[in-house]
Structure formats: C-alpha cells, structure tokens
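Student: Please pick one part of this model and take me through it closely. I would like each term explained when it comes up.

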Amino acid sequence: IGTPFKAFDVFLETIRKRGLGAAEMVAMEMKNAGIYVSRGLSFCDAEFENIERDLTKEQRAIYNNSANVWAELRRALGFAFTRTKTPVKRLWSLFWSAHQRFFKQLCLSMKVPSIVKEARKALEDGYAVVIGLQTTGEASLEAELGRPTVEGLVLEDFLSLTKEMLTRFITNIFPTQIQTEKGPGDEETWSVDAKRMLLDHVKGMDLPRSPLDDLIDQLGGPGAV
C-alpha cells in the first residue's frame, strides 16, 4: 500500500502539527482496519455509586474568585476589542471554550481530597484502586514547562494548570495593538494596562495544583502509585 509520506518521521511531524483530532482520526482508521487494538477494563459485575462532597469554605472562595476574574476578563475583552478595532470573529468562541476548560479543570482539582480519602480507605480494605481522570492536563503542563525561564530557575512546587490556562489565554488572546488596514499598529494604552493588571492578578491567585500531580503526591508519590 502506498503512502504520501516519504518516511515515518514526516508522518509523525504532520500529525503533531494537526493536533489531537488528527491523531484520533488515525487511531480510528487503524482500528477499523484491524491493525490497532484499544483495550479497556471490563465493567462486568461492576457496581457504581455517586459520591457527593460539599465544597469547603476555602474551595468556595477560590471558585467565587475565579468566577469574578472571568467576568472581569469578559468585560475588559469587550472594551479592548472595541478600542483596538480587533475583528471579533471567533474570539468569543475561544473565550467560552477556555472558560469551560478552566472550570472543568478547577472542579476536577477540587475533587482530589475526596478521591484520596476514598482511595486510602479502599487500600486499607485490601482493594486495588484504579482512578480515571477526565483529563490529565498534560498538554497545558508541557506548555508551561516549555516557556522561557530564568536560567537556573527551579520549580519549588507543583504547577497549577488552571492558572496556566488563564494566563495563557490572556497572553495569547487579549489584544493591545490597534488594527489598521495594513495590519497591527500602535499599542493602545488602556488595553496594555488592562492586560498587565489582569496577568498580575492571575499570578497572585490561589488556585489548586494539577490534579494528577496532586493525586500522585498525596497517595505516596510515583513509587507508590
């Protein structure tokens, strides 16, 4: 069977550039052709139980503060789009997409204490524990670790994926240059100041650690998980 790719490295680089969607399409095609097997745990005789946990006072404060920051970001974006004459097009859809991913990750992070409690109890009762996460946040973690850093800088604690998501959105999407027929023009003073203030505020926010790292750490580290 022929292939449009000269070598596997070319194929791999092409898929990487096109993202997760392209990789999933390749996996589906391979599975349909019988050359890829996707295995999973059997749910035969499995029992399911929903466990509800109330948020702590601290978690409620974090959630409410996050909601206020996103509301303020939405207002500031509206002003910035107008002042910089930025064509909106898909920008609001990008905003709500990032908003949804942020709160999905935040809610997942807030479940960690309950998950750890249940896992420890199950281990004490002699069971093997399997934890499934909606998302590991690996892509956001890699983006954060890939940022230019001061030489010799060492991370002293686990990263917060929610903080990285919010920081990256403001950095990449919030406009500061006035758009002209010839392209980006001068910096718009109000937008520059607003973007800087938002980034400074996010930097000081108390947001939870990456849920995957937090789970592994609380359950005894990589050697125990």
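Tutor: A residue is called buried under 20% relative accessible area, exposed over 50%, and partly exposed in between, using a 1.4 Å probe and protein chains only. The model is predicted, so local features need pLDDT of at least 70 and side-chain atom pairs count only at pLDDT 80 or more, while totals for chains, interfaces and linings use all residues. Residues are numbered from 1 along each chain as its sequence is written, and side-chain values use heavy atoms, with hydrogens and water left out.

The part to look at is R209 and what surrounds it. R209 sits in the loop that joins α7 to α8. Helices (H or I, at least four residues) and strands (E, at least two) are DSSP runs numbered from the N terminus. R209 is partly exposed because its relative accessibility is 22%. In space, its C-alpha lies 6.0 Å from the C-alpha of F158, although 51 residues separate R209 and F158 in sequence.

R209 is also one of the residues that S109 touches. S109 belongs to helix α3, and its relative accessible area is 6%, so it is buried. Contact means heavy atoms within 4.5 Å. Once neighbours within four places in sequence are set aside, S109 is in contact with P208, R209 and P211.

P211 leads on to the next element, since helix α8 covers residues 211-218. Helix α4, residues 112-124, has an axis that comes within 10 Å of the axis of α8, and the two axes cross at roughly 35°. Here an axis is a line fitted to C-alpha atoms, for helices over the stretch in contact, and the angle runs from 0 to 180 degrees between N-to-C directions. The crossing of α4 past α8 is right-handed, that is, the near helix is turned clockwise from the far one by less than a right angle. On the α4 side, the contact is made by V112, I115, V116 and R120; on the α8 side, by P211, D214, L215 and Q218. P211 therefore appears twice, in the contacts of S109 and in the contact of α4 with α8. Sorted by class, that helix contact has five nonpolar residues, one polar and two charged. Ala, Val, Leu, Ile, Met, Phe, Trp, Tyr, Cys and Pro count as nonpolar, Asp, Glu, Lys and Arg as charged, and the others, Gly among them, as polar.

On the other side of the loop is α7, which spans residues 189-203 and contains V202. V202 counts as buried because its relative accessible area is 0%. Not counting residues up to four places away in sequence, V202 touches K163, L166, T167 and I170. For I170, the C-alpha distance to V202 is 9.6 Å, and the two residues are 32 apart along the chain.

Now the setting. The protein chain has eight helices and two strands, and in sequence order they run α-α-α-α-α-α-β-β-α-α. The chain has 225 residues, of which 27% count as buried. Among its contacts with a separation of 6 or more, 72% are between residues 24 or more positions apart. The chain exposes about 16,600 Å², of which carbon and sulfur atoms supply 54%; the area comes from the Shrake-Rupley method with a 1.4 Å probe, and for residues only the protein chains shown count as cover.

For comparison, here are two other loop residues. D45 lies in the loop between α1 (8-32) and α2 (57-83), and K85 lies in the loop between α2 and α3 (91-110). D45 is exposed because its relative accessibility is 73%, and K85 is exposed because its value is 60%. D45 is not a glycine, yet its phi is positive, about 65°. K85 is also a residue other than glycine, with a positive phi near 55°. Most residues other than glycine have a negative phi.
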